[in-house]
Amino acid sequence: MRSALVVPAAGRGDRLGAARPKALVALAGVPLLVHAVRRAAASGVIDVVVVVAPAGACDEVAGSLRPLLPDVVVVPGGAERQDSVRLGLDALPDDVDVVLVHDAARCLTPPAVFAAVVSAVRAGAPAVIPVLPVSDTVKRVAGDQVVETVERAELVAVQTPQGFDRSALQAAHAAAAPGAAATDDAGMLEALGHPVLTVPGHDHAFKVTRPLDLLLAHALLAAEATS
Ligand code: C5P
């Protein structure tokens, strides 16, 4: 049986303010998506890659990835991230039993994180997520009024790749309300009562969301190039 990577990369990325869909924004001359897939492939634990591309950009995406992965499958995405992931799952070959879902926007996630997630799923966890401690104090608010301060020691920030037993993930997507916009696949399994295991995330797995994140990503790449 094989492990697959599904990469939702069909978002517009409005918060980044770029003219292009976020996954196609260049970082050191290379699209974010290509950085993300390169690092996943370097883990050595991924057999199949399905990229969910912005509608209208499938040929461009396939062209940018084929030199790296001749067998990459590229399908057009949907309105919400959840729709895009489901469309990616629909394109998986039958012999895949472990699925990693990884945001293209977490383009500098180190290969070791992919390996740790696949290993935990293969060891029997139906759902595995990389997490980091939260450094800011977090409060619940209503409008501009604080309702409560949440106990920080109990909180983690959740990253991708998130890893799953394929049939559990597909069942969760099938059970999800159409149009319900889950921001996280593990949450859909939680809703069905599956245990979700955490593994250590990595600082470099941050999501490129705002212009400041692109500056950070540039700096990290430059530091890698000189180390
Ligand atoms: O918008 P956000 O940063 O949460 O998106 C996370 C990931 O989901 C990004 O890689 C984005 O391209 C992808 N996405 C998608 N289809 C959508 C919305 C987001 O593939 N409709």
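1. In this predicted model, Gly11 meets the ligand through its main chain: one of its backbone N or O atoms lies 2.9 Å from an oxygen atom of the ligand. Gly11 is also listed among the closest of the 15 residues that surround the ligand, together with Pro8, Ala10, Gly78 and Ser84.

2. Two side chains add to this picture, since an N or O atom in the side chain of Lys207 is placed 3.0 Å from an oxygen atom of the ligand, and an N or O atom in the side chain of Arg15 is found 3.3 Å from an oxygen atom of the ligand. Taken alone, the ligand would expose 470 Å², and the protein buries 85% of that area.

3. As for the setting, the ligand sits in the largest pocket, and the shell around the ligand, sorted by class, comprises 6 nonpolar, 3 polar and 6 charged residues.

4. Turning to helix 1, which spans residues 32–42, the model shows an element that is mostly covered, with 8 of its 11 residues buried. The buried residues of helix 1 begin with the run Leu32, Leu33, Val34, His35, Ala36 and Val37, and the list is completed by Arg39 and Ala40; a colleague inspecting the helix may wish to note that His35 and Arg39 are included in this buried set.

5. What follows helix 1 in the chain, and what is the sign of its phi? The residue is Gly44, and its phi is positive, near 75 degrees.

How values were computed: Residues numbered from 1 in each chain as written. Predicted model: local features only at pLDDT ≥ 70, side-chain atom pairs only at ≥ 80, totals over all residues. Heavy atoms only, no water. Near = heavy atom within 4 Å. Polar contact = N/O pair within 3.5 Å; in protein donor to acceptor, adjacent residues only side chain to side chain. Areas by Shrake-Rupley, 256 points an atom, 1.4 Å probe, with all protein chains shown as cover. 1 Å grid on protein atoms, 1.4 Å probe; cavity = no way out; pocket = protein on both sides within 12 Å on 5 of 7 lines; lining within 4 Å. Sits in = over half its atoms within 2 Å of the grid points. Nonpolar A, V, L, I, M, F, W, Y, C, P; charged D, E, K, R; others polar. Buried < 20%, exposed > 50% of the residue type's maximum accessible area, 1.4 Å probe, protein only. Helix = DSSP H or I, 4+ residues; strand = E, 2+ residues; numbered from the N terminus.
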